[in-house]
Amino acid sequence: RERTLAMIKPDGLSGNYTEKIKEVILESGFDIVKEAVVHLDAERASLFYSEHSGRSFFDSLVMYMTSGPVLAMVLERPDAVLHWRVLIGPTDARKAKISHPNSIRAMCGLDSEKNCVHGSDSPQSAAREISFFFGDVRSD
Ligand code: ATP
């Protein structure tokens, strides 16, 4: 079994998609191992997305990610990282609605920025992002 970091972004939470997204998560064989509602400030959001710090959309991304609380979750199942990325669909929710109509971003996303959910892109990112939200403890 493997763990990944999933996040319902501010638009997903404020749009009341949380229950629907959790249904999809549980139906897809994940356990929700930990969860926390967190309101990121600009410093924490910039740190989370530091790999994008040089990009043109970075300031807008930080504004978006600090516009309201997020729900961070640790999900566990075999191949969790890849499986969650497949479930959420492409980054641009407009494209997701066309090419992956059953994906989570097709369901609740708006465009290439406001795409309602996040998923770690590798086991290494998952480890970093899980400790970002939950610390390094793996005792459970
Ligand atoms: P995430 O890391 O949130 O799961 P991702 O891996 O699909 O998303 P990245 O390329 O890592 O996408 O971009 C991180 C986030 O930055 C995206 O989820 C989106 O919110 C925002 N973003 C990405 N590309 C753009 C863009 N062209 N314009 C505006 N925002 C963008």
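## Cys116 and its surroundings

In this predicted model, Cys116 is placed in the loop that runs between α7 (104–108) and β4 (117–119). Cys116 counts as buried, because 25 other C-beta atoms lie within 10 Å and the threshold for burial is 20 or more.

With neighbours within four places in sequence left aside, the contacts of Cys116 are Ile8, Lys9, Asp11, Gly12, Tyr17, Arg105, Cys108 and Gly109. Phe134 follows at a separation of 18 residues in sequence from Cys116, and the C-alpha atoms of the two are 21 Å apart in space.

## Overall architecture

The chain contains 8 helices and 4 strands. In sequence order, these elements follow the pattern β-α-α-β-α-α-β-α-α-α-β-α. The radius of gyration is 14 Å, close to the 14 Å that the globule rule gives for 140 residues, so the chain is as compact as a globular protein of that length.

Along the principal axes, the C-alpha atoms fill a box of roughly 40 × 35 × 25 Å. Buried residues make up 34% of the 140 residues of the chain. Of the contacts between residues at least 6 apart in sequence, 69% join residues at least 24 apart.

## The ligand shell

Which residues surround the ligand? The shell consists of His52, Phe57, Leu61, Thr91, Ser112, Glu113, Asn115, His118, Gly119 and Asp121. By residue class, this shell divides into 2 nonpolar, 6 polar and 2 charged members.

## Helix α8

Helix α8 comprises 12 residues, 123–134. At 1.5 Å a residue, the helix should span 16 Å, and its end C-alpha atoms are indeed 16 Å apart, so expectation and model agree.

Within α8, the residues Ala126, Glu129 and Ile130 are buried. These residues cover an arc of only 105 degrees around the axis, which puts them on the same side of α8. The partners against which the buried residues of α8 pack are β1 (2–8), β3 (70–77) and α5 (80–88). Just after the helix, Gly135 adopts a positive phi of about 80 degrees.

## Positive phi outside glycine

Most residues other than glycine have a negative phi. Two loop residues are described here against that background.

Asn16 has a phi near 60 degrees, a positive value in a residue other than glycine. Its place is in the loop between α1 (10–14) and α2 (18–27). Asn16 is exposed, because 9 other C-beta atoms lie within 10 Å and a residue with 12 or fewer is classed in this way. Asp79 has a phi near 55 degrees, likewise a positive value in a residue other than glycine. The loop that holds Asp79 lies between β3 and α5. Asp79 has 12 C-beta neighbours inside 10 Å and so counts as exposed.

## Two helical residues

Is Leu47 buried or exposed? This residue belongs to helix α3 (residues 42–48). Leu47 is exposed, because 12 other C-beta atoms lie within 10 Å. The C-alpha atoms of Leu47 and Leu75 are separated by 22 Å, with the two positions 28 residues apart along the chain as their separation.

Lys95 is part of helix α6 (residues 93–99). With 16 other C-beta atoms within 10 Å, Lys95 is partly exposed, since that class lies between the limits of 12 or fewer for exposed and 20 or more for buried. Lys95 and Leu110 stand 15 residues apart in sequence, and their C-alpha atoms are 9.8 Å apart in space.

Notes: Residues are numbered from 1 along each chain as its sequence is written. This is a predicted model: local features need pLDDT of at least 70, side-chain atom pairs count only at pLDDT 80 or more; totals for chains, interfaces and linings use all residues. A residue is near a molecule or strand if its C-beta atom, placed from the backbone, lies within 6 Å of it. Ala, Val, Leu, Ile, Met, Phe, Trp, Tyr, Cys and Pro count as nonpolar, Asp, Glu, Lys and Arg as charged, and the others, Gly among them, as polar. Helices (H or I, at least four residues) and strands (E, at least two) are DSSP runs, numbered from the N terminus. The expected span of a helix is 1.5 Å times one less than its number of residues. The arc is that of the directions from the helix axis to the C-beta atoms. Two residues are in contact if their C-beta atoms, placed from the backbone, lie within 7 Å. The radius of gyration is taken over C-alpha atoms; the globule rule is 2.2 Å times the number of residues to the power 0.38.
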